[in-house]
Amino acid sequence: PQPRPEQAIKYRQSAMTLMGAHFGRLNGMAQGRIPFDATVAADNAHLVALLAKLPFNSFGPGTDKGLPNRAKPEVWSEAGKFKEAVEAFQAEASKLDAAGKSGDLAQIKAAVGAVGKTCKACHDAFQSER
Ligand code: ASC
């Protein structure tokens, strides 16, 4: 059975929160705000790639309401575009994992930038303002 809308919303929001935490550490290292540690970077990149698989099955029909959330109606009315945006993000998250495994800060920085663009593109199109 499908989870209730409130469970689906809570699930996807939780996954997004965790992605933000782990991506934030990489962003900090990419920007020099957090000292670069190749092992920590690799672990966080792997977690982002795993977490990237989680939230997007929880935008099923009827999950626009049930708990406060910022999904725009376009998630459902432009489902094909939403799927493309999700897949672009997931592809960049996989590349981030590979960059993390390389241990090379320049590669990690490039991959963090590319992932961040796909986060922002999807949020701009499909997430409403606070
Ligand atoms: C983050 C975060 C996002 C993205 C986005 C990148 O750390 O929480 O949504 O990066 O801001 O532009």
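Q: Buried means under 20% relative accessible area, exposed over 50%, and partly exposed in between. In this predicted model, does lysine 95 count as buried, exposed or partly exposed?
A: The model is a predicted one, and the class follows from the relative accessibility. Lysine 95 has a value of 49%. The limit for exposed is over 50%, and that for buried is under 20%. Because 49% falls between these limits, lysine 95 counts as partly exposed.

Q: With which residue does glutamate 92 form a salt bridge?
A: Glutamate 92 counts as buried, because its relative accessibility is 17% and the limit is under 20%. Its partner lies three residues away in helix α4 (residues 79–102), so the two are separated by about one helical turn. The closest N and O atoms of the pair are 3.3 Å apart. The partner of glutamate 92 in this salt bridge is lysine 95.

Q: How far apart are the closest N and O atoms in the salt bridge of lysine 101 with aspartate 97?
A: Both residues belong to helix α4, where four residues, about one turn of the helix, set them apart. Lysine 101 is exposed at 59% relative accessibility, whereas aspartate 97 is buried at 12%. The salt bridge needs a separation within 4 Å, and the closest N and O atoms here are separated by 2.9 Å.

Q: Which residue forms a salt bridge with lysine 65?
A: Lysine 65 is exposed, with 62% relative accessible area. Its partner is partly exposed, at 35%. The closest N and O atoms are 3.6 Å apart, and the residue that pairs with lysine 65 is aspartate 64.

Q: How many salt bridges does the structure hold?
A: Among them are the pair of glutamate 92 and lysine 95 and the pair of lysine 101 and aspartate 97. Lysine 65 with aspartate 64 is another of them. The number of salt bridges in the structure is six.

Q: Does threonine 63 count as buried or exposed?
A: Threonine 63 sits in the loop between α2 (38–51) and α3 (74–77). Beyond four places in sequence, it touches Pro5, Ala8, Ile9, Arg12, Ser58, Asn69 and Trp76. Its relative accessibility is 5%. Since the limit is under 20%, threonine 63 counts as buried.

Q: With the side chain of which residue does the side chain of asparagine 69 make a polar contact?
A: Asparagine 69 is placed in the loop between α2 and α3. Its side chain reaches the backbone oxygen of leucine 67 at 3.0 Å. Outside its neighbours up to four places away, asparagine 69 touches Ile9, Arg12, Gln13, Thr63 and Asp64. At 3.1 Å, its side chain makes a polar contact with that of arginine 12.

Q: How far apart in space are threonine 39 and glycine 103, C-alpha to C-alpha?
A: Threonine 39 is part of helix α2 and is exposed, with a relative accessible area of 55%. In sequence, 64 residues separate threonine 39 from glycine 103. In space, their C-alpha atoms are separated by 7.5 Å.

Q: What is the C-alpha to C-alpha separation in space between glutamine 107 and lysine 95?
A: Glutamine 107, in helix α5, is partly exposed at 41% relative accessibility. Leaving aside neighbours within four places, it is in contact with Ala99 and Ser102. In sequence, glutamine 107 and lysine 95 are twelve residues apart. In space, their C-alpha separation is 9.7 Å.

Q: From which helix does the largest share of the shell around the ligand come?
A: The residues around the ligand are Phe23, Gly116, Cys119, Lys120 and His123. By class, the shell has two nonpolar, two polar and one charged residues. Four residues of the shell, its largest share, come from residues 105–126, which form helix α5.

Q: What percentage of the area that the ligand exposes when taken alone does the protein bury?
A: A backbone N or O atom of glycine 116 lies 3.4 Å from an oxygen atom of the ligand. A polar side-chain atom of histidine 123 is 3.3 Å from an oxygen atom of the ligand. Taken alone, the ligand exposes 310 Å², and the share of this area buried by the protein is 57%.

Definitions and conventions:
Residues numbered from 1 in each chain as written. Predicted model: local features only at pLDDT ≥ 70, side-chain atom pairs only at ≥ 80, totals over all residues. Heavy atoms only, no water. Near = heavy atom within 4 Å. Polar contact = N/O pair within 3.5 Å; in protein donor to acceptor, adjacent residues only side chain to side chain. Areas by Shrake-Rupley, 256 points an atom, 1.4 Å probe, with all protein chains shown as cover. Nonpolar A, V, L, I, M, F, W, Y, C, P; charged D, E, K, R; others polar. Buried < 20%, exposed > 50% of the residue type's maximum accessible area, 1.4 Å probe, protein only. Contact = heavy atoms within 4.5 Å. Salt bridge = Lys/Arg side-chain N within 4 Å of Asp/Glu carboxyl O.
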